[in-house]
Amino acid sequence: MRDVYVLRGGVASASLLFDPTGHGPTVLTEVAVRPDSRGKGWGSELLRLICAAADAEGVTLLLSVDPGPDGLSYDDLRGWYSRYGFVGDSSDDVMVRLPQTAV
């Protein structure tokens, strides 16, 4: 997996932090889409790439749901991440995605 993903010349980007021991989860620290490019599927494309890489490498992903000032609401973000296999208790901001295998 890469530590930075960028699409379409920078309209969407994501960054990740890896556990230096290689035993812990990889933290998805940010997924961002430029305001003028939102609603076109760039964030979804980016998240699909990251999830596919995590699955291929057997990596668990971890994130904290944190709506930006101009982004999706907390509930909308939780729903969006859950469509890609992230799960978490609604009492906190943390969501986890275990590696998935093709059926």
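This is a walk through the salt bridges and the largest pocket of a predicted model.

Let us begin with the charged side chains. Side chains of opposite charge can pair when their charged atoms come close. In this model, the count comes to three salt bridges, and each can be visited in turn.

A good place to start is Arg8, which forms a salt bridge with Glu45. The closest N and O atoms of this pair are 3.5 Å apart, and the cut-off is 4 Å, so the contact counts. Where do Arg8 and Glu45 lie? Arg8 is in the loop between β1 (4–7) and β2 (12–17), while Glu45 belongs to helix α1 (residues 42–57), so the pair ties together parts that are 37 residues apart in sequence. Arg8 counts as partly exposed because its relative accessibility is 48%. Glu45 also falls in the partly exposed class, at 23% relative accessibility, a value that is not under the 20% required for buried.

Helix α1 comes up again with Asp55, the partner of Arg97 in another salt bridge, where the closest N and O atoms are 2.7 Å apart. Arg97 sits in strand β5 (residues 94–97) and Asp55 in helix α1, so this pair links parts that are 42 residues apart in sequence. Is Arg97 buried or exposed? Its relative accessibility is 4%, so Arg97 counts as buried. Asp55, on the other hand, is partly exposed, with a relative accessible area of 24%.

The remaining pair to look at is Asp36 with Arg34, whose side chains meet in a salt bridge at 2.7 Å, N to O. Asp36 is partly exposed at 49% relative accessibility, and Arg34 is partly exposed at 41%.

Now turn to the largest pocket, which holds about 680 Å³ of space. Its lining is made up of 28 residues. If you would like to find the middle of the pocket, look for Val31, Ala32, Val33, Leu77 and Trp80, which lie nearest its centre.

Which elements give two or more residues to this lining? They are β3 (26–33), α1, β4 (61–64) and α2 (74–82). Of these, β3 gives the most, with seven residues. Helix α1 is worth a second look here, since this contributor to the pocket lining is also the helix that holds Glu45 and Asp55.

As for the chemistry of the wall, the lining has 14 nonpolar residues, along with nine polar and five charged ones.

Note on methods:
Residues are numbered from 1 along each chain as its sequence is written. This is a predicted model: local features need pLDDT of at least 70, side-chain atom pairs count only at pLDDT 80 or more; totals for chains, interfaces and linings use all residues. Side-chain values use heavy atoms; hydrogens and water are left out. Helices (H or I, at least four residues) and strands (E, at least two) are DSSP runs, numbered from the N terminus. Buried means under 20% relative accessible area, exposed over 50%, partly exposed in between (1.4 Å probe, protein chains only). On a 1 Å grid over the protein atoms alone, a cavity is a set of points where a 1.4 Å probe fits but cannot get out, and a pocket is an open set with protein on both sides within 12 Å along at least five of seven lines; lining residues have an atom within 4 Å of a point. Grid points are joined across faces, edges and corners, and a volume is the space filled by probe spheres set on the points. Ala, Val, Leu, Ile, Met, Phe, Trp, Tyr, Cys and Pro count as nonpolar, Asp, Glu, Lys and Arg as charged, and the others, Gly among them, as polar.
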